[in-house]
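Please write a brief report on the fold and the ligand surroundings of this protein. Cover the core, the domains and the ligand shell.

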Amino acid sequence: MPPTTLTPAIRDEIARLGRADIMVGIPSFKNAATIGYVVRAAHAGLVQYFPDHKPVLVNSDAGSPDGTQRVVIETEPPDYVESILLVRPTNRLDRVTLTYPEIDGVGGKGAALRTIFEIAAALDVQALVVVDSDLRSIVPEWIELLAGPILKGGYDFVAPLYARHKHDGTITNTVTYPLTRALYGLRIRQPIGGDFGVSGDLVAHYLTQDDWTADVSKFGIDIWMTTHALSGGFAVCQTRLGAKVHDPKDPGADLGPMFRQVVGTILRLAVERPGAWLEIKGSHDVPAYGFERLIDPPPLEVNAVRLLDEFHAGSLTLGETWRRALDPDTAAAVVALAAEAGPIADAASRRLGLGGESDATHPTTLQMAEALAGFDFPDDLWARVVYDLVIATRRGEFDTSQLTAALVPIYFGRVASFVVENRHLDTADAEERVERQAREFERLKPYLVERWLALDAEAEEGPQ
Ligand SMILES: Nc1nc2c(ncn2[C@@H]2O[C@H](COP(=O)(O)OP(=O)(O)OP(=O)(O)O)[C@@H](O)[C@H]2O)c(=O)[nH]1
Ligand SMILES: [Mg+2]
């Protein structure tokens with residue numbers, strides 16, 4: 001990890017706080033509208049469930065211009081939480097907000113968390129809980145659910161389990177869940193959920209890693225945390241948080257950069273630590289903590305026509321890169337699918353009255369999916385695409401950001417297919433499709449391993 005860059009103000013804050021048992025860390029960037037509720041919920045959780053632990057809450061902000069930090073300070077004070085819960089904790093909560101320093105000139109969620117790790121280590125906390133600042137569905141119990149397995153169960157890493165709408169969490173469903181499960185053999189359903197519990201030991205381990213990159217300073221941080229917990233052999237569990245309700249994102253519109261950072265990081269880590277996954281076959285369940293929840297997550301609309309259109313458009317500009325990066329058979333199948341996608345998306349656009357002068361029509365996701373019916377991006381082809389990218393990352397002919405950027409339109413095609421294929425399924429049945437795809441990744445793992453070992457053999461023979 002690059003040497004510490006904590007500002008004098010943060011060092012002073014650490015000196016003032018001294019030490020703590022449990023810490024909640026909240027990264028933020030322009031979350032003034034939502035962070036007050038998250039702070040109150042976290043505060044209430046600390047007071048209600050850990051009244052005998054010394055608590056601290058740290059907001060690590062990007063210097064947001066919208067008053068996020070002011071909200072953290074000004075939202076209801078400790079007296080309020082104590083009075084509504086009728087608790088008198090042994091230790092008063094320290095609530096801190098600070099502007100985190102960039103790392104090598106790069107800011108983002110990961111840089112915010114890096115400061116949180118450094119503070120947690122300096123305060124010698126036993127448990128660190130990190131939660132996102134745009135959450136609507138957090139309740140005080142989440143703090144217990146995320147810290148309890150560490151403080152009571154001896155776990156080091158607690159990943160969230162939530163009910164998410166079938167169209168939410170597309171990067172998770174298509175890449176991080178199936179790939180993490182197939183590589184490392186553990187079924188962590190939300191490896192980039194954003195809300196985690198981390199033991200003091202694991203925080204210390206994070207701070208000794210020397211593989212921090214610009215992607216990790218941004219949205220690569222979540223998969224970096226999960227992968228290091230797994231490859232470092234830490235005790236991991238999941239915790240049942242109910243629904244994740246947060247600021248919605250349309251995969252076609254908002255998730256491109258995040259996809260590149262997350263996928264770039266998962267690929268890089270796989271290539272750097274083959275010893276952590278080459279021998280692993282199949283996968284195991286990961287224990288889940290907390291009482292079951294029966295919750296219907298709120299629906300998320302997706303512009304499936306646009307996704308398919310971008311898949312097709314991508315083949316025109318990136319087809320050559322696909323051919324060079326992917327195995328020839330995989331590339332041929334993807335290019336053929338993209339060629340099918342173009343006319344299907346055009347016909348759907350016309351039928352739904354999209355893309356005209358006045359874009360007055362707002363078809364629902366279901367209407368779009370019906371109009372696209374027939375498009376199918378098969379599970380096994382997607383698994384091969386992802387595995388080919390592990391190999392391409394290792395070969396190093398492209399830089400990772402170029403590879404992941406080239407993958408984005410293919411991912412859009414895969415997500416569009418998921419939306420079409422699952423249009424009549426509820427969230428529970430769509431979940432079975434995610435499992436089916438994950439099993440396909442496991443089934444095809446030998447395809448990855450063979451290609452990996454062939455590269456090993458080539459390297460041993462030396463250049464031809
Ligand atoms: N400090 C800081 N926090 C950020 C930045 N970008 C995002 N965050 C925080 O990171 C958290 C997640 O960001 P979101 O934009 O909600 O992303 P998401 O799609 O919900 O991502 P997940 O965490 O994977 O669910 C929120 O608390 C954001 O405020 C940034 O540039 N700096
Ligand atoms: Mg969010």
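## Core, domains and ligand shell

The largest nonpolar core holds 135 residues. Met23, Val131, Ala304, Leu308, Leu372 and Ala416 have the most contacts inside it. Helix H17, residues 400–421, gives the most to this core: 12 residues. Domain 1 (8–289) and domain 2 (304–424) both give residues to the core, so it lies between them. The model is predicted. In soluble globular proteins, nonpolar side chains tend to be buried together.

Take methionine 23. Which residues does methionine 23 contact, leaving aside its neighbours within four places in sequence? They are Val56, Val58, Ala120, Leu123, Val125 and Leu128.

**The two domains**

The domain assignment splits the chain into domain 1 (8–289) and domain 2 (304–424). Their C-alpha centres are 31 Å apart. Domain 1 puts 17 residues into the contact, and domain 2 puts in 22 residues. On the side of domain 1 that touches domain 2, three elements give two or more residues: H7, helix H11 (251–254) and helix H12 (256–272). H12 has the largest share of that side, with nine residues. By class, this side of domain 1 has eight nonpolar, six polar and three charged residues.

**The ligand shell**

Around ligand 1 there are 20 residues. Phe29, Ala62, Ala112, Asp132 and Gly194 come nearest. Strand S1 (22–28), strand S2 (55–61) and helix H5 (109–123) each supply at least two residues of this shell. Five shell residues are nonpolar, eight are polar and seven are charged.

The table sets out the class counts for the ligand shell and for the domain 1 side of the domain contact.

| Residue set | Nonpolar | Polar | Charged |
|---|---|---|---|
| Shell around ligand 1 | five residues | eight residues | seven residues |
| Side of domain 1 that touches domain 2 | eight residues | six residues | three residues |

**Glycine 169**

Where does glycine 169 lie? Glycine 169 is in the loop between strand S5 (157–163) and helix H7 (170–184). Is glycine 169 buried or exposed? Glycine 169 is buried, because 23 other C-beta atoms lie within 10 Å, and 20 or more are enough for that class. Aspartate 222 is 53 residues away from glycine 169 along the chain. Their C-alpha atoms are separated by 13 Å.

Technical notes: Residues are numbered from 1 along each chain as its sequence is written. Chains are lettered from A and ligands numbered from 1 in the order in which they are written. This is a predicted model: local features need pLDDT of at least 70, side-chain atom pairs count only at pLDDT 80 or more; totals for chains, interfaces and linings use all residues. A residue is near a molecule or strand if its C-beta atom, placed from the backbone, lies within 6 Å of it. Helices (H or I, at least four residues) and strands (E, at least two) are DSSP runs, numbered from the N terminus. Ala, Val, Leu, Ile, Met, Phe, Trp, Tyr, Cys and Pro count as nonpolar, Asp, Glu, Lys and Arg as charged, and the others, Gly among them, as polar. A nonpolar core is a set of buried Ala, Val, Leu, Ile, Met, Phe, Trp, Tyr and Cys residues joined through C-beta atoms within 7 Å. A residue is buried if 20 or more other C-beta atoms lie within 10 Å of its own, exposed if 12 or fewer, and partly exposed in between; C-beta atoms are placed from the backbone. Domain bounds come from an automatic or database domain assignment. Two residues are in contact if their C-beta atoms, placed from the backbone, lie within 7 Å.
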